[in-house]
Amino acid sequence: MRTARLRTVHPVIWAGWAALAAGAVLCVIGWYGVSGERFAERQLPYLASCTVPGAALIIAGSVLLTHGRGALAAARVEELYGLLVAAEPADAEESGQSPTAPLAVSGDLLMVPGGTLWHRADCPLVAGKAEAVPVDAKLVRSGELGPCPICEPVEADH
């Protein structure tokens, strides 16, 4: 699943490499021409026609490569985000549950001594904990314990 943005980024990167290569060739030609001339006034045409444009092409190629790589990274992140949003949880496919199925459905309520919440017995926060004890209805009615936001038990379950 390639996005249109990825297809437009690759020519920018290739143009950057081409500009870098052309700039390097021009700089080498300019250097060679300048090195063969003894007098400064005869070196000036090589500087003006090869070395300066070659340096400008090297800078332009560097800018194009930097922009292209940044755009390529942004396009890849966008593509990965699209895949992440479109993907369903693997557990939901294997167990056959819908993604909005409740985490815990047990009618038995438990609490951890010293805790501030009550939970369903199959809540992942208390399941398998030896210290979990049945909820005292007096604590629930007094407001000392609140419902767990994960398993969402209701007071009528008790």
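**Exercise 1. Work out whether Glu 131 is buried or exposed, and which residues it touches.**

Start with the accessibility: Glu 131 has 42% relative accessibility, so it counts as partly exposed. The cut-offs behind that label are under 20% relative accessible area for buried, over 50% for exposed, and partly exposed in between, with a 1.4 Å probe and protein chains only. Bear in mind that this is a predicted model: local features need pLDDT of at least 70, side-chain atom pairs count only at pLDDT 80 or more, and totals for chains, interfaces and linings use all residues. Residues are numbered from 1 along each chain as its sequence is written, and side-chain values use heavy atoms, with hydrogens and water left out.

Next, place the residue: Glu 131 sits in the loop between β2 and β3. Helices (H or I, at least four residues) and strands (E, at least two) are DSSP runs, numbered from the N terminus.

Now look for partners. Leaving out residues up to four places away in sequence, Glu 131 touches Met 111, Val 112 and Pro 113; a contact here means heavy atoms within 4.5 Å. Glu 131 and Met 111 are 20 residues apart in sequence, with 8.6 Å from C-alpha to C-alpha.

For a second residue from that loop, take Asp 122, which also lies between β2 and β3. Asp 122 is partly exposed at a relative accessible area of 31%. Its C-alpha atom is 9.0 Å from that of Gly 107, 15 residues away along the chain.

**Exercise 2. Find the order of the strands in the sheet, and say which ones stand at the edges.**

First, a reminder: strands of a sheet pair through backbone hydrogen bonds, either parallel or antiparallel. To count as a pair here, two strands need at least two bridges found by DSSP.

Go pair by pair:

- β1 (residues 109-111) and β2 (residues 117-120) run antiparallel and share three bridges. Leu 109 is opposite Arg 120 in β2.
- β1 and β3 are also antiparallel, joined by two bridges. Met 111 has Val 133 in β3 as its bridge partner.
- β2 and β4 (residues 146-147) run parallel, again with two bridges. Here Trp 118 pairs with Pro 147 in β4.

Put together, that gives an open sheet of four strands in the order β3-β1-β2-β4, with mixed pairing. β3 and β4 are the edge strands: each has a single partner strand, so one side of each is left without a neighbour in the sheet.

One more detail on the turn: the β1 and β2 hairpin has five residues between the strands, and Gly 114 in it takes a positive phi near 85°.

**Exercise 3. Check what the model shows for the residues that UniProt lists under "transmembrane region".**

The unreviewed UniProt entry lists residues 12-34 and 46-66. Its positions are in the numbering used here, feature names are shortened, and annotations may be inferred rather than shown by experiment.

Take the spans in turn. Residues 12-34 are 100% helix and 0% strand, with end C-alpha atoms 32 Å apart. Residues 46-66 are likewise 100% helix and 0% strand, and the end C-alpha atoms lie 29 Å apart.

Then see what Leu 20, in helix α1 (residues 4-35), packs against. Among the residues Leu 20 touches are Leu 57, Ile 58 and Gly 61. The C-alpha atoms of Leu 20 and Leu 57 are separated by 6.1 Å, though their positions lie 37 residues apart along the chain.

**Exercise 4. Explain why Cys 50 has no bond to Cys 27.**

The cut-off for a disulfide is a pair of cysteine sulfur atoms within 2.5 Å, and a search of the whole structure finds zero. The closest cysteine sulfur to that of Cys 50 is in Cys 27, 8.8 Å away, which is too far for a bond.

As for accessibility, Cys 50 is buried at 12% relative accessible area. Cys 148 is buried too, at 1% relative accessibility.

**Exercise 5. Decide where confidence is lowest and where it is highest.**

pLDDT is the predictor's confidence in each residue, from 0 to 100. The protein's mean is 78, and 78% of its residues reach 70 or more. By element, helix α3 (residues 90-95) is lowest at a mean of 54, while strand β3 (residues 133-134) is highest at 87.
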